[in-house]
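Thanks for coming. I have one structure to go through today, and I will take it contact by contact. Please have it open in front of you.

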Amino acid sequence: QVQLAESGGGLVRTGGSLRLSCEESGGTFSSYSRGWFRQAPGKERELLATVTWNGGATYYLDSVKDRFTISKDNAKGTVYLEMVSLKPEDTAVYYCAAQAYYRAPWDSWGQGTQVTVSS
């Protein structure tokens, strides 16, 4: 497992933008891939986007693929989630997670960062 920490959440108005960061501590940067998830009150956690650490292959949930962009900085061990055209329904706690190998469980999680979009 790796240690992850999210940052960049906050309060934004409808149509606004935010960039979330997920930094890995320890310096090993050994995970196979990183993902961004979110969980809104009363709803299940959903996977939004993933990126493989080597190669940079990406996946997006259909409902966010036109507004969210996942990227990474290998040297910093950091993964980002750029979010534009935010909507009130994007309000949730956003988490990053790491996956040790292909199809492995997401077993390393950050503490989450709150994103609130006001109407």
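**Arg34 and its surroundings**

Let me start at one side chain, that of Arg34: a polar atom in it lies 3.0 Å from the backbone oxygen of Gly77. Before going further, note that this is a predicted model.

Where is Arg34? Arg34 is part of strand E4. Is Arg34 buried or exposed? Its relative accessible area is 1%, so Arg34 is buried, the cut-off for that being under 20%.

Arg34 has another partner. The side chains of Arg34 and Glu24 are joined by a polar contact of 2.7 Å. Side chains of opposite charge can pair when their charged atoms come close. Here the pair of Glu24 and Arg34 is a salt bridge, with 2.7 Å between the closest N and O atoms. Glu24 sits in strand E3, residues 18-25, and Arg34 in strand E4, residues 33-39, so this pair links distant parts of the chain, ten residues apart. Glu24 is buried, as is Arg34.

One more distance for Arg34. Its C-alpha atom and that of Pro105 are separated by 11 Å, and the two residues are 71 apart along the chain.

**The hairpin**

Gly77, which we met at the start, belongs to a turn. Strands E7 and E8 form a hairpin with four residues between them, and in that turn Gly77 has a positive phi of about 65°. How many bridges join E7 to E8? There are six, and the two strands run antiparallel. To find your place in the pairing, look at Lys72, which stands opposite Val79 in E8.

Next to look at is Thr78, in strand E8. A polar atom of the Thr78 side chain lies 3.2 Å from the backbone oxygen of Lys76. Thr78 counts as buried because its relative accessible area is 6%, and buried means under 20%.

**Salt bridges that share partners**

Back to salt bridges. The count comes to five, and I will go through two more of them.

Arg38 and Asp90 meet through their side chains in a salt bridge, 2.8 Å from N to O. Arg38 is in strand E4, while Asp90 is in the loop between strand E8 (78-83) and E9, so the pair ties together parts that are 52 residues apart in sequence. Arg38 and Asp90 are both buried.

Asp90 also forms a salt bridge with Arg67, where the closest N and O atoms are 2.8 Å apart. Arg67 lies in the loop between strand E6 (58-60) and strand E7 (68-73), and Asp90 in the loop between E8 and E9, so this pair ties together parts that are 23 residues apart in sequence. Arg67 is buried, and Asp90 is too. Through salt bridges with shared partners, Arg38, Glu46, Arg67 and Asp90 are joined into one network.

**The disulfide**

Now a covalent link. How many disulfides does a search of the whole structure find? One. The two residues are Cys22 and Cys96, with their sulfur atoms 2.0 Å apart. The link between Cys22 and Cys96 is right-handed, with 60° about the S-S bond. Cys22 is in strand E3 and Cys96 in strand E9, so the pair ties together parts that are 74 residues apart in sequence. Both Cys22 and Cys96 are buried.

**Loops and surface**

Last, two loops. In the loop between E8 and E9 we find Ser85. Ser85 is not a glycine, yet its phi is positive, about 50°. Why is Ser85 called partly exposed? Its relative accessible area is 41%, and partly exposed covers what falls between under 20% and over 50%.

The loop between E9 and E10 contains Arg103. Arg103 is not a glycine either, and its phi is positive as well, about 65°. Arg103 counts as exposed because its relative accessibility is 69%.

Tyr101 belongs to the loop between strand E9 (92-99) and strand E10 (106-109). With 53% relative accessibility, Tyr101 counts as exposed, the cut-off being over 50%. Which residues make the nonpolar surface patch of about 360 Å²? They are Tyr32, Tyr101 and Tyr102.

To go back to where we began: Arg34 is buried, and its side chain has a polar atom 3.0 Å from the backbone oxygen of Gly77. That is the end of the talk.

Methods:
Residues are numbered from 1 along each chain as its sequence is written. This is a predicted model: local features need pLDDT of at least 70, side-chain atom pairs count only at pLDDT 80 or more; totals for chains, interfaces and linings use all residues. Side-chain values use heavy atoms; hydrogens and water are left out. Patches are made of residues with over 30% relative accessible area and no salt bridge: like charges are joined within 9 Å, nonpolar side chains (Val, Leu, Ile, Met, Phe, Trp, Tyr) within 5 Å. Accessible areas come from the Shrake-Rupley method with a 1.4 Å probe; for residues, only the protein chains shown count as cover. A salt bridge is a side-chain nitrogen of Lys or Arg within 4 Å of a carboxyl oxygen of Asp or Glu. Buried means under 20% relative accessible area, exposed over 50%, partly exposed in between (1.4 Å probe, protein chains only). A disulfide is a pair of cysteine sulfur atoms within 2.5 Å. Two strands pair if DSSP finds at least two bridges between them. A polar contact is a pair of N or O atoms within 3.5 Å; within protein, one must be able to donate a hydrogen and the other to accept it, and residues adjacent in sequence count only if both atoms are side-chain atoms.
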